[in-house]
Every structure is written in structure tokens, then in C-alpha cells.
Amino acid sequence: TDPRPGFRRVLLKLGGEMFGGGAVGVDPEVVETVARQIAEVVSSGAQVAVVIGGGNFFRGAELQDRGMERSRADYMGMLGTVMNCLALQDFLEREHHIDTRVQTAITMGQVAEAYIPRRAIRHLEKGRVVIFGAGVGMPYFSTDTAGAQRALEIGAEALLLAKGVDGVFTADPKTDPGAKLYEEITHREVLEQGLKVADATAFSLCMDNRMPIIVFNLLVEGNIARAVRGERIGTLVST
Ligand code: UDP
């Protein structure tokens, strides 16, 4: 029997880079693929909250390297994530008729609700997808950290980290052909072996609070549903 239970409530973290399909901006085909998979999961009865990155628009650190002031650059990064949120909301609602709320850590009442955790939980209980934008609303943080923090605050049972690779490897699979995929690993082993799962802030939040992380490949159709059903895919990081 598989030790992984199915999940009732998850926080799905999507990198922004995938939303752009490799370019700056939003690739509607990619967003549609993701929306379809999320709709499938919600229809099965699971509660899904989403945090989306903004790497397809701006990364504060990169803008800083090119001469911008870091905090301002980070705010630009956060604003970029909101555009991804709106794109996903659009596909979920219009193509799949899934009620969706966007909540942002920087208030912008015309386009989204403010981040109000208890309200987010109520939305989830009503079967709505809640999409969290603008990260945690503070410069020097990442959307991975937002994913970990939101997962903890809304009581998600796992943080699902959707990537462009199959999971956590012994080495970088792009440069080392001998790299092996871990099916399971503990938070502590990830630290001890210096493996890269999420940034240090995000990872330590999960480790300190025993939040399981499932790292899996978003590019394999149906993987979000598999992860939520508790099937063995990617890498399970747990305590
Ligand atoms: N960002 C930030 N605070 C946050 C979340 C994001 O300052 O809480 C900024 C930061 O500049 C980051 C950018 O927004 O580089 C985009 O987010 P991220 O790099 O996490 O996106 P991803 O890599 O997941 O696409």
C-alpha cells in the first residue's frame, strides 16, 4: 500500500517561468493546460490554493544586477505575479467554470481581494480556487516563501512544488547524467546534502513546521491530480 494519503487541501506553487512559455509575458496555451489540471482536481472535491511566481516578468535580483534599487525591483517582481494570477483566474472561470478568487499581499481593490487568511479558507471550503498574488508583499522574499507561508497559514496538508523537472535529484540532472531521483527524503537530509528544493527561507519554514513538500513535474499532464490523490510521483520531502 502507498503510505501517501490523498490530500483534502493543498497549496500549489507554480513558477512564473512556465507561465511565459520561455518568453516574457503569458503563454495562454500553458495557462490553459494548468487551468485544466486544476479544474480536474477541484472537481474531484479537493481544495486548491495557488501561489504563482513572476519570473516570466521580473526578478528583483536580476534587475538589481542591472542597476536598479533592490526593493523597487522586488515590488516590480511582485506586481508581475499578479498578472499571472489574473491569467489563471480567467482560464479557470471562463473555460472551466470554476469559481476563483485572487487575493494579493499588496492591496489593489479593483483587480483582487486583499489577502485575508480566514476569508481564503472560507472560499476554499466553498470549492473556490484561491490564487495568492504578490508573494508575501515584502521585498527580499520569494514566491516559494509565500507558498510555504500560505500553506501553513491556511492549513494546507502539503506544499506542491510544480517544476520543470521530475523532482529532487542527487545532483543536477541537466549537467550530471548519473543523477538519481529521490522518491522520498527528509527535510533534514535535504539540508545535510545541500540539495536544492526551494530557497532557504521557504525551506526552513517547511522544515520547522513539518510541512511536507511534493516536488513534481508540471509538464506531465495529470500530475497535479496524481499528487493530490497521494500517488507516488516526484519526490516527497517530509519529516
Ligand atoms: N518578490 C518579492 N517578495 C515576495 C515574492 C516575490 O520581492 O514575497 C519579487 C522578487 O523580486 C522575485 C519576483 O518577485 O524575484 C518574482 O518572484 P519569484 O522569483 O519567486 O518567481 P518564480 O521564480 O517563482 O517565477
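Reader: Where is the place of Ala134 in the chain?
Author: In this predicted model, Ala134 is found in the loop that runs between strand β5 (129-133) and helix α6 (143-153).

Reader: And is Ala134 buried or exposed?
Author: Ala134 counts as buried, because 27 C-beta neighbours lie inside 10 Å, and a residue needs 20 or more of them to be called buried. Its backbone deserves a look as well, since phi of Ala134 is near 65 degrees, which is a positive value in a residue other than glycine.

Reader: What about His97, what is its phi?
Author: His97, which is not a glycine, has a positive phi of about 55 degrees. It lies in the loop between helix α4 (70-94) and strand β3 (100-104).

Reader: So is His97 buried or exposed?
Author: His97 is exposed, because 9 other C-beta atoms lie within 10 Å of its own, and the limit for calling a residue exposed is 12 or fewer.

Reader: Let's go back to the β5 to α6 loop. Which residues does UniProt list as "binding site"?
Author: The UniProt entry, which is unreviewed, gives that label to Gly54, Asp74, Val136, Gly137, Met138, Pro139, Tyr140, Phe141, Ser142 and Thr143. Although these residues span 90 residues in sequence, no two of their C-alpha atoms are more than 14.0 Å apart, so they gather at one spot.

Reader: Can we take two of those? Where does Gly137 lie, and what is it in contact with?
Author: Gly137 lies in the loop between β5 and α6. Once its neighbours within four places in sequence are left aside, Gly137 is in contact with Met78, Ala105 and Ile106. It is partly exposed, because 16 other C-beta atoms lie within 10 Å.

Reader: And Phe141, is that one buried or exposed?
Author: Phe141 counts as buried, because it has 20 C-beta neighbours inside 10 Å, and 20 is where the buried class begins. Its place is also in the loop between β5 and α6, and, leaving aside neighbours within four places in sequence, Phe141 is in contact with Gly135, Val136, Ala146 and Thr201.

Reader: Switching to the ligand, which residues come nearest to it?
Author: There are 22 residues around the ligand, and those that come nearest are Gly53, Gly55, Gly60, Gly77 and Gly135. The elements giving two or more residues to this shell are α1 (16-19), α3 (60-65), α4 and α6.

Reader: Which of these gives the most?
Author: Helix α4 gives the most to the shell around the ligand, namely four residues.

Reader: How many of the shell residues are nonpolar, polar or charged?
Author: The shell around the ligand divides into seven nonpolar residues, eleven polar ones and four charged ones.

Reader: New topic: which strands are joined to β1 by bridges?
Author: Strand β1 (residues 9-14) is joined to strand β2 (residues 47-52) by six bridges, and the two run parallel. Five bridges join β1 to strand β6 (residues 158-163), and this pair also runs parallel. To find these pairings in the structure, you can look at Lys13, whose bridge partner in β2 is Val51, and at Leu12, which stands opposite Leu160 in β6.

Reader: How many residues of β1 are buried?
Author: Five of the six residues of β1 are buried, so the strand is largely enclosed by the rest of the structure.

Reader: What does His187 touch?
Author: Not counting residues up to four places away in sequence, His187 touches Cys206, Met207, Val237 and Thr239. The C-alpha atoms of His187 and Ser238 are separated by 5.8 Å, although these two residues are 51 residues apart along the chain. His187 lies in helix α7 (residues 187-192), and it is buried, because 21 other C-beta atoms lie within 10 Å.

Reader: Last one, about the whole chain: how many helices and strands, and what is its radius of gyration?
Author: The chain has nine helices and nine strands. Its radius of gyration is 17 Å, which agrees with the value near 18 Å that a compact globule of 239 residues would have. The C-alpha atoms fill a box of roughly 45 × 45 × 35 Å along the principal axes, and 48% of the 239 residues count as buried. Among contacts between residues at least 6 apart in sequence, 72% join residues at least 24 apart.

Note on methods:
Residues numbered from 1 in each chain as written. Predicted model: local features only at pLDDT ≥ 70, side-chain atom pairs only at ≥ 80, totals over all residues. UniProt positions renumbered as here; feature names shortened; annotations may be inferred. Contact = placed C-beta atoms within 7 Å. Near = placed C-beta within 6 Å. Nonpolar A, V, L, I, M, F, W, Y, C, P; charged D, E, K, R; others polar. Rg over C-alpha atoms; globule rule 2.2 N^0.38 Å. Pairing = 2+ DSSP bridges.
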